[in-house]
Amino acid sequence: MQIMTSSSTSPTSPTSPLAAAADNGVAAAYFNFRGAERVPESHVWKGMHEKDTAPVADGGDAVPVVDMSGGDDAAVAAVARAAEEWGGFLLVGHGVTAEALARVEAQAARLFALPADDKARGARRPGGGNTGYGVPPYLLRYPKQMWAEGYTFPPPAIRDEFRRVWPDAGDDYHRFCSAMEEYDASMRALGERLLAMFFKALGLAGDDAPGGETERKIRDTLTSTIHLNMFPRCPDPDQVVGLAAHTDSGFFTFILQSPVPGLQLLRHRPDRWVTVPGTPGALIVVVGDLFHVLTNGRFHSVFHRAVVNRERDRISMPYFLGPPANMKVTPLVTAGSPESKAVYQAVTWPEYMAIRDKLFGTNISALSMIRIAKEEDKES
Ligand SMILES: C=C1C[C@]23C[C@H]1CC[C@H]2[C@@]12CCC[C@@](C)(C(=O)O1)[C@H]2[C@@H]3C(=O)O
Ligand SMILES: O=C(O)CCC(=O)C(=O)O
Ligand SMILES: [Fe+2]
């Protein structure tokens with residue numbers, strides 16, 4: 001079995017784009033998952049499945065489902081409850097057909113099925129932003145590797161980015177780009193609708209409502225990032241993790257997961273992982289840390305992770321929505337909110353990522369770091 005790590009590739013093949021990237025700590029070459037008969041030590045996670053407990057008996061572990069088919073207003077109460085109690089939910093009746101979603105997923109599958117050298121042309125580059133084929137920098141810091149391949153890109157860059165993978169810009173390239181553009185257009189439109197629903201749920205909607213100005217500003221400047229995940233089937237799924245537990249850092253994320261389940265949400269008291277069903281045509285919404293801050297803690301971000309499967313490859317396509325890099329995200333405090341003052345410091349997305357990065361490996365969460373202590377609260 002061949003194990004490719006940054007240390008084993010870089011000295012021997014200095015011309016490989018992956019090696020060059022790895023030298024700069026930007027991307028690591030992936031292990032060759034295809035046909036792996038056992039899990040190498042580099043990918044073994046100990047104690048990963050400790051919190052795998054039986055679902056609580058009272059039906060409380062059924063992931064909330066929000067159905068938009070009866071109109072957005074009718075679903076606002078369900079959105080509010082799910083965002084407050086779970087920080088995540090299944091979204092159905094959203095108008096994007098299961099067939100359209102399956103088409104996009106099929107294109108992602110074709111990208112990952114390309115020969116390793118083709119994908120390597122798209123490797124993350126130093127100074128290339130959060131873009132390219134490879135492990136996002138934050139995840140590179142874990143001592144163990146995850147059982148996944150990933151490709152990250154901002155939608156406006158689709159055509160340029162994938163010329164790296166398909167330099168001939170043939171039919172495969174065009175089919176892939178069109179599918180991703182279609183996914184972008186659908187998710188962006190849905191993102192704006194859901195944003196409006198979130199604001200209604202907060203009691204802040206409407207142009208002359210207290211949040212009207214903010215809502216418009218957020219809607220008009222929303223940025224998006226697509227991250228394609230491929231979790232190959234694994235000979236020993238209990239030893240590995242597809243994607244380690246994390247919260248998303250932006251506002252909120254749509255996740256298209258293939259009918260193969262694997263996404264789990266963390267629930268508390270007792271701590272346990274709840275598997276999100278692979279409902280065809282459903283999208284999963286997870287609340288991110290900056291939305292937690294914006295709503296002053298009323299909606300909360302949710303820890304989630306992806307586990308892998310012995311029989312089938314699994315694809316997920318998170319679509320991250322967030323503010324532009326220069327926007328200070330400031331808690332919205334209104335009469336209806338349980339807190340009468342902001343309990344979080346205003347932060348930009350990059351500032352928040354830097355805090356989270358610094359705290360990596362500690363038990364301190366980045367959100368708690370920017371939480372305003374009650375004493376300070378009284379003084380201000
Ligand atoms: C727009 C985003 C959102 C990012 C960073 C950037 C691109 C890649 C995203 C992820 C994907 C994997 C988990 C995560 C935690 C990671 O390390 O990279 C995500 C992160 C975040 O939500 O913070
Ligand atoms: O694979 C999934 O369902 C979730 C992916 C995810 O959480 C992420 O990429 O941030
Ligand atoms: Fe995530």
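The legends below describe close-up views of two ligands and two pockets in a predicted model.

**Figure 1. Residues around ligand 1 in the predicted model.**
The shell around ligand 1 holds 14 residues, and those that come nearest are Asn130, Pro136, Asp248, Ser249 and Arg356. Two of these names return in polar pairs with the ligand. In one pair, an oxygen atom of ligand 1 lies 2.6 Å from a polar side-chain atom of Ser249. In another, an N or O atom in the side chain of Arg356 is 2.9 Å from an oxygen atom of ligand 1. Ligand 1 taken alone exposes 450 Å², and the protein buries 96% of that area.

**Figure 2. Elements and residue classes in the shell around ligand 1.**
Ligand 1 takes up space in the second largest pocket. Two or more residues of its shell come from each of α6 (137-140), β5 (223-231) and α11 (349-358). Among these elements, α11 gives the most, with 3 residues. Sorted by class, the shell around ligand 1 contains 6 nonpolar, 6 polar and 2 charged residues.

**Figure 3. Residues around ligand 2.**
Around ligand 2 there are 14 residues, of which Asn229, His246, His304, Arg314 and Ser316 come nearest. The side chains of two histidines and an arginine from this list have polar atoms paired with ligand oxygens. An N or O atom in the side chain of His246 is 3.1 Å from an oxygen atom of ligand 2. For His304, a polar side-chain atom lies 3.0 Å from an oxygen atom of ligand 2. In the case of Arg314, the distance from a side-chain N or O atom to an oxygen atom of ligand 2 is 2.7 Å. On its own, ligand 2 has 300 Å² of accessible area, and the protein covers 97% of it.

**Figure 4. Elements and residue classes in the shell around ligand 2.**
Ligand 2 sits in the second largest pocket. At least two residues of its shell are supplied by each of β5, β6 (243-246), β11 (304-306) and β12 (314-322). The largest share, 4 residues, comes from β12. By class, the shell around ligand 2 is made of 7 nonpolar, 5 polar and 2 charged residues.

**Figure 5. The second largest pocket and its lining.**
This pocket contains about 820 Å³ of space. Its lining has 36 residues, and those nearest the centre of the pocket are Asn130, Ser249, Phe320, Met353 and Arg356. The elements that give two or more residues to this lining are α6, β5, β6, β11, β12 and α11. The lining divides into 18 nonpolar, 12 polar and 6 charged residues. Ligand 1 takes up space in this pocket, and ligand 2 sits in the second largest pocket as well.

**Figure 6. The largest pocket and its lining.**
About 1,100 Å³ of space lies in the largest pocket. Of the 39 residues in its lining, Ala245, His246, Thr247, Phe303 and Ser365 are closest to the centre of the pocket. Two or more lining residues come from each of β6, β8 (263-267), α10 (289-294), α11 and α12 (366-369). By class, the lining of the largest pocket has 18 nonpolar, 12 polar and 9 charged residues. His246 also appears in the view of ligand 2, where it is one of the residues that come nearest to that ligand.

Key: Residues numbered from 1 in each chain as written. Chains lettered and ligands numbered in written order. Predicted model: local features only at pLDDT ≥ 70, side-chain atom pairs only at ≥ 80, totals over all residues. Heavy atoms only, no water. Near = heavy atom within 4 Å. Polar contact = N/O pair within 3.5 Å; in protein donor to acceptor, adjacent residues only side chain to side chain. Areas by Shrake-Rupley, 256 points an atom, 1.4 Å probe, with all protein chains shown as cover. 1 Å grid on protein atoms, 1.4 Å probe; cavity = no way out; pocket = protein on both sides within 12 Å on 5 of 7 lines; lining within 4 Å. Sits in = over half its atoms within 2 Å of the grid points. Nonpolar A, V, L, I, M, F, W, Y, C, P; charged D, E, K, R; others polar. Points joined across faces, edges and corners; volume = space filled by probe spheres on them.
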